[in-house]
Amino acid sequence: MLLIHMNKTIQNFNPVVGLEVHIELATKSKMFCGCPADHFGKKPNTQTCPVCLGLPGALPVPNKKAIEWCVILGLAFDCEINKESNFDRKHYFYPDLPKGYQISQYDDPFAHSGKFQMNNIHNVRVRRVHMEEDTAKLQHTEIDGKRVSLVDFNRSGVPLVELVTEPDFDNVDDVVTFLQELQRIVRYLGISEADMEKGSMRLEANLSLTPDGTLPGYKVELKNINSFRFLKKAMLYEIDRQREILTAGKKVIQETRGWDEEKSATFSQRVKEDAQDYRYFPDPDIPPIEITQLQITNYKLQIPELPQAKRERFEIDYKLPGDFIDILVSDKARADYFEGCVKLNNNYKAIADLIINKKFDEKYPEPAGLVKKLVELTNVEFSTQDETQSAVNLVIMDNQKPVEDYKNGKVNVIGYLIGMVQKRLEGKGNTKLIQDFLLKGLQK
Amino acid sequence: MIDRNLNKKLNIFLTLVDKPKAGIPIAIKDNFLTKGIRTTAASKLLNSFIPQYSATVVNKLEANGYSVVGKTNLDAWCHGSSTETSDFGPTLNPWNTDYLSGGSSGGSAAAVSAGIVDVAIGSETAGSIRGPAAWCGVVGVKPTYGRVSRYGVIAMGSSLDCPGVLAKDVVSATKVLKIISGNDPYDATSSNRETEDYELFLTGNVKGLKIGLIENYLLPEMEKEVVDKTLGAIEVLEKLGAIITRVKTLDPKYAIGVYTVVQRAEVSSNLARYDGIRYGNDRNYFGQEAKRRIMLGTHILSSGYQDQYYKKAEKIRTLFNKDFDKLFEGFDVLVGPTMPGPAPKVGVTKGQSMFGEMADVLAEPSAISGLPAVSIPCGFVRRLPIGLQIMGPQFSEGKILNVAYTYEQNHPKF
């Protein structure tokens, strides 16, 4: 026994992480009824109907747009699309679940077996991308001195996509890189704001440690963490916590843990003793959904150039530094703006600089505005007022004959003199400024 | 005006509408939501539930000149074939109050049978329209699954539930069926197929029609008189020119298993929403039968058991579909007795948790295959009505109604 124990203490543990990410879709209406899907900040229970309240007799009718977007997200991750998909009922009791079950997908999700590649991280396999409905929202508060839980059904039935990866991450930086890229992809596709503050993107990381690369027999679920930064901290904390437990020869408890930012520590939320039996079965209220090859072809056409492809192209086409490309590509609107400018002027680096360091894309809503300013700025840059003044002085000194002519009334020699100044300034002077300085100098 | 004494004696209505709107009176089974009118599904759990919306069927009827006069009794949550599981007591048979009206649409069948209304709305999962129609001596129509919207009907077995009609005669039933049929954007399982004008099918002519008499629906344990009356009714159709051939189907007893498993699974899921948070009453208000079904259904769907119960049942369900498909290649309609016998006595279901499944054995095969069927009175056994059922392929409502109509117009006095 002692020997085994000592063996363990010298073992090296590496993290194994798999992700489950929920994304609320920005469709007009909810997943199974006509109520508005945009629930953030709305007066509680003002966006409900028999369907999303789960009233007796109410039936779900699936939102075609939401299904389309779910499939498109799957395609963006190179998933296979099921020709026939089903909605399933996932049963559990909770006050935020009005039907006693959540309509989700189990055996036949819309998309599965995808993958994700990015230069600087390991390949990640995407297990599935499926569609479900969001739950209502509980608000724990106090009314007349009594602690109560209120239910707001505005969120009930909002379309929710869940993307699940295989446990392919072995370090926390890759996890964050992947999640940030996922957020960008979702925004590029225009299917969600993927805003973690508003809860339209929710992160869950299943983390465990392995001594030998095989999947361990437990996992700790890090949940309800609403920023990349906190998730990273929580994962790093968990790695230390679990390593300590395993090194001491103990078992890590399989549970759900949250992140306490004040204490800078994860904390236990719920211990899962047994796997919960959700009693999934195909929802008899919703016929199987067919996705044809033609639909898939059409959906593929709707997918814009995604961040990674854009980065690679920007590198080739514009030869910008990597950090410039990253910043431009991080926001599709910004990347599009940059390319709008590039069509008018080929000073790529200067344009990128104005956007990134001077936020000119905010000052000039149209790319043409930025380019106009760029031209002005680049001129001034090469010939300052002082440079212009001294060039004008030299030209007046060196060109006695034309100066005499001008003073005798031959005003059109001014053009010749401007040309001479420009020549001295290597063509980079501001013509208006040169003219002003010349006129002043000639009056002396 | 409704005869309140008669209603009290038979226990037909759970709620009577105080001042019905002007229109043709119609009774509605109390599992259909009616805006502003209490809807209980005959369970005390929903004792004080006043719906905020009406079922599509109710809306369609009201838009077509019908007026809801009351909500009829049923087995609680439709769980049964007797109305004896109702938390408000059973509805008695208008022909003899010692006997049951059947169920689950017993209140609707009795309302028509007692002459209170000409037409009532019922619903069938497997036998819940045909059974009480046969036992109360009225016409019962169970349409194709998906022909009539389920929106606003308290769900029992969602893959089986069919709203339908109980009526004093085939013409009245046909008119109402036409009104309530059709696609409903609020029900994803409702068919896009255009509704036919069923009244145009009622020609009274069955000459050359190929009718399959299902031999194995004449069960060995049946009373001789039930078999004789059934065969007598078929003879009427034969004399009118229909071609009768004896056929065999897949043993209906297998349907009992399929139906029980699928329905219990769906029941356990559909009743999950009554979790004590809404509707004022908690789960203790579920009656014995509902609790039993929730437990059995939960077990059926549990991991480790789902394959051997639910998935297996779905496979056998497919076998029934194939069996019917094959039979309808050679026949226009199939006929047989609706129920194994006439109504049993009040109290018979006590301790018999499978009473309904056994009683409805002849309705279950067509129900699990989503087929339309009509039950038409075909005489009396021991002074209690019995019914002949006519089943057709999906969406053949017009055809089966015409067979029923032709029989109704031509049978000798019972």
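So, helices here are DSSP runs of H or I with at least four residues, strands are runs of E with at least two, and both are numbered from the N terminus. Keep in mind that this is a predicted model: local features need pLDDT of at least 70, side-chain atom pairs count only at pLDDT 80 or more, and totals for chains, interfaces and linings use all residues. Residues are numbered from 1 along each chain as its sequence is written, while chains are lettered from A and ligands numbered from 1 in the order in which they are written.

Let's start with helix α14 of chain A, residues 413-424. Its 12 residues should span 16 Å at 1.5 Å a residue (that's 1.5 Å times one less than the number of residues), and the end C-alpha atoms sit 17 Å apart, which agrees. Right after α14(A) comes E426(A), with a positive phi near 55°.

Which residues of α14(A) are buried? They're L417(A), M420(A) and V421(A). Buried means 20 or more other C-beta atoms within 10 Å of the residue's own, exposed means 12 or fewer, and partly exposed is in between, with C-beta atoms placed from the backbone. Down the axis, the buried ones fall within an arc of 100° (taken from the directions from the axis to the C-beta atoms), so they line one face of α14(A). G415(A) and K423(A), on the other side, are exposed.

Now over to chain B. Strands β4 (residues 92-93) and β5 (residues 96-100) run antiparallel, joined by 2 bridges; strands pair if DSSP finds at least two bridges between them. They make a hairpin with 2 residues between them, and N93(B) stands opposite N96(B).
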